[in-house]
Amino acid sequence: MNTVLVCVVLVALAVATAAQDPASSWLSYAEYSADDSITFLAANWTVPAYPSDKFASRAPGFWISVENADNTYLVQPILAFGDGDLHYTCFNGWFVWSGPHAGWHQSQAFKVVPGDAIYASITYLPSTDEYEMYIACEAKGQSVTTKVPAQGVKYPLSYFVVEHQSSCSGLPADGKVTWTNIEVEVANNRVTPTWQAKQEDPVCSSQAHILSPSSIQVTWDA
Ligand SMILES: *[C@@H]1O[C@H](CO)[C@@H](O)[C@H](O)[C@H]1NC(C)=O
């Protein structure tokens, strides 16, 4: 009898941990946990170098996000390499772990090259209970704007993430990505966020570094 109960509990735990963020595909990341919903988030970063072996890539991604407290609705403007063809692209992503919108939703993408300046923002729209994602390479006149339903819950979490295990030669050869000029509003008030550097499944000695409340870097051995 006890054995049966233990088995049931283990299965339930396995399902719970397999169905929310942080996902096992994350390497290193920074987390901010606010005491209310994040209503605005923005950051600048620069497209890193190409991987030394473009064919070793498993689509590494470099993204900012807001997420609900249950870690099931992830709103994420993304810079990725090799998402499809072997070049860098910017697009908006929405990963929903469960419920009526469950699944992966991805906007149209635009191509960028190493050195391009990227800016992304996530803005809560109270009149429609939506998040609006914007990712741009403004110097080249490129951007994508995407609205997604917030689904009636608060989003107190933000993650800045490097995702997707790769051989080290499949990660950008300059070994780092740096987000700067990070702006956060909680319940429409500008805040000074307290970021925590975290590891999920780091490869290639990846590591997040909190440079300041407005700057986060992730490094790895390329
Ligand atoms: C961030 O990006 C915006 C939009 O492209 C740009 O106007 C601004 O100068 C950038 N800020 C920094 C610090 O790079």
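Modeller: Tyr and Ala count among the nonpolar residues, Glu is one of the charged ones, and Asn and Thr fall among the others, the polar ones. Keep that in mind for this predicted model.

Biologist: Which residues surround the ligand?

Modeller: N44, Y119, A136, E138, T180 and N181.

Biologist: How do you know how many residues of each class are in the shell around the ligand?

Modeller: Sort them by the rule. Y119 and A136 are nonpolar, E138 is charged, and N44, T180 and N181 are polar. The shell therefore has two nonpolar, three polar and one charged residues.

Biologist: Why is D21 called buried?

Modeller: The cut-off is 20 or more other C-beta atoms within 10 Å. D21 has 23, so D21 is buried. Buried residues make up 37% of the 222 residues in the protein.

Biologist: Where is D21, and what does D21 touch?

Modeller: D21 is in the loop between α1 (2-17) and β1 (26-33). Leaving out residues up to four places away in sequence, D21 touches E67, N71 and L74.

Biologist: How do you know that β12 and β16 pair?

Modeller: Pairing takes at least two bridges. Strand β12 (residues 176-186) has four to β16, so the two pair. They run antiparallel. In one of these bridges, W179 is partnered with I216 of β16.

Biologist: What makes β15 a partner of β16?

Modeller: Apply the same test, at least two bridges. Strand β15 (residues 207-212) is joined to β16 by five, so these strands pair too. They also run antiparallel. A208 has V218 of β16 as its bridge partner. A hairpin of two residues links β15 to β16.

Biologist: Which residues of β16 lie on its covered face, and which on its uncovered one?

Modeller: I216 and V218 are on the covered face. S215, Q217 and T219 are on the uncovered one.

Biologist: How many helices and strands are there in the protein?

Modeller: One helix and 16 strands.

Biologist: What makes the protein as compact as a globular protein of that length?

Modeller: Compare two values. The radius of gyration is 18 Å, and the globule rule gives 17 Å for 222 residues. These are close, so the protein is as compact as a globular protein of that length.

Biologist: Where does pLDDT stay under 50?

Modeller: Over residues 1-17. The model has zero contacts for them beyond four places in sequence. Where pLDDT is low, the predicted coordinates should not be read in detail.

Biologist: What is the average pLDDT of the protein?

Modeller: The average is 92, and 92% of the residues score at least 70.

Methods. Residues are numbered from 1 along each chain as its sequence is written. This is a predicted model: local features need pLDDT of at least 70, side-chain atom pairs count only at pLDDT 80 or more; totals for chains, interfaces and linings use all residues. A residue is near a molecule or strand if its C-beta atom, placed from the backbone, lies within 6 Å of it. pLDDT is the predictor's confidence in each residue, from 0 to 100. Two residues are in contact if their C-beta atoms, placed from the backbone, lie within 7 Å. A residue is buried if 20 or more other C-beta atoms lie within 10 Å of its own, exposed if 12 or fewer, and partly exposed in between; C-beta atoms are placed from the backbone. The radius of gyration is taken over C-alpha atoms; the globule rule is 2.2 Å times the number of residues to the power 0.38.
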